[in-house]
Amino acid sequence: MNDTLRTISQRTSLRRYQDTPISEEHLDMLLHSAVRAPTAGNMMLYSILVIRDQETKNILSKTCDYQPFIARAPLILVFLADIQRWFDYYGISNVKEFCAHTGLDFRGPNLGDLFISTSDALIAAQNVVIAAESLGIGSCYIGDIMENYGTHRELFQLPDFAFPVAMLCLGYYPEGYEPIVRSRFEREYIIFEEKYRSLNEEELTDMFTEREAQFPSANKYAAENAAQLMFARKTGAEFSKEMHRSIQKAMENWQGKPM
Ligand SMILES: Cc1cc2nc3c(=O)[nH]c(=O)nc-3n(C[C@H](O)[C@H](O)[C@H](O)COP(=O)(O)O)c2cc1C
């Protein structure tokens, strides 16, 4: 195994950090890794917010589903799917007039733009995760940054076409930290040759054997199996409803409306 594969294999989400700021040199390497990521059409359809202000971290620890460790992360990076600057550039470059002359349909940002800019933002984020790990810096994604769109929009002064799709908490590993590498589902249930394959009942049961074995039968949701517990804790939870509401609100801008 080479160093890169070892880094990928040993990475775990880190939620407890040394109380030391990330050095400027390391921050520069992390941001370098982000901007060197592949990007659709070399358009860099994302922006990255570097958050070091304690008050902002305190707010995020509440608005991102009340996760106190967020406030203790020395560094936070927020990744925005961002097509705003391209449409601003189109605006100052007479693109609308060009379309009128040439018969092209001009349009505002649409769902295709959103998905491709989301891809860009997430790929840049994952480059940061791997680079960080190689520097002894642990990280944890925070999906809850997609909640409370109105609050985050105001907090970060976002324009209409920049949406926060991912957040990373980053910090040096604490002394003596022993990472626990969490297992994954067997590949046969996740990776298919050539065509998609739906799993039958027997395969689904096999797939979840380990999760069911670890399932805590005494739980506050009165769930009787791992599926019921995961639905209660994740898919059917309040944060998930808020995420849906928040994203729906943000998506009102991304319907390709004429500008
Ligand atoms: C999109 C995404 C969102 C996540 N959101 C959170 C989060 O809000 N809070 C948290 O503690 N961990 C979060 N995680 C980390 C996952 O819980 C973690 O990756 C998963 O449990 C597997 O553990 P590992 O990363 O240590 O292998 C998130 C991970 C991803 C990829």
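Here are a few questions and answers about this predicted model.

Q: Which strand gives the most residues to the largest nonpolar core?
A: Let's begin with the core itself, which has 48 residues, with Ile 76, Leu 77, Phe 79, Val 128 and Leu 168 touching the most other members. At least two core residues come from each of several elements, among them helix 2 (24-35), helix 6 (111-134) and strand 2 (75-82). The top contributor, with nine residues, is strand 4.

Q: Which residues does Val 128 touch, leaving out those up to four places away in sequence?
A: Val 128 is among the core members that touch the most others. Once residues up to four places away in sequence are set aside, its partners are Leu 30, Ser 33, Ala 34, Leu 77 and Leu 168.

Q: Is Pro 258 buried or exposed?
A: Pro 258 sits in the segment after helix 11 (238-251). A residue counts as exposed if 12 or fewer other C-beta atoms lie within 10 Å of its own. Because Pro 258 has 8 such atoms within 10 Å, the label is exposed.

Q: Which residues is Pro 258 in contact with, leaving aside neighbours within four places in sequence?
A: Ser 246 is 12 residues from Pro 258 in sequence, and their C-alpha atoms are 23 Å apart in space. With the neighbours within four places left out, the contacts of Pro 258 are Arg 107 and Gly 108.

Q: How many charged residues are in the shell around the ligand?
A: The residues surrounding the ligand include Thr 12, Arg 15, Cys 140, Asp 144 and Arg 182. By class, the shell has three nonpolar and four polar residues, and its charged residues number three.

Terms used. Residues are numbered from 1 along each chain as its sequence is written. This is a predicted model: local features need pLDDT of at least 70, side-chain atom pairs count only at pLDDT 80 or more; totals for chains, interfaces and linings use all residues. A nonpolar core is a set of buried Ala, Val, Leu, Ile, Met, Phe, Trp, Tyr and Cys residues joined through C-beta atoms within 7 Å. A residue is buried if 20 or more other C-beta atoms lie within 10 Å of its own, exposed if 12 or fewer, and partly exposed in between; C-beta atoms are placed from the backbone. Helices (H or I, at least four residues) and strands (E, at least two) are DSSP runs, numbered from the N terminus. Two residues are in contact if their C-beta atoms, placed from the backbone, lie within 7 Å. A residue is near a molecule or strand if its C-beta atom, placed from the backbone, lies within 6 Å of it. Ala, Val, Leu, Ile, Met, Phe, Trp, Tyr, Cys and Pro count as nonpolar, Asp, Glu, Lys and Arg as charged, and the others, Gly among them, as polar.
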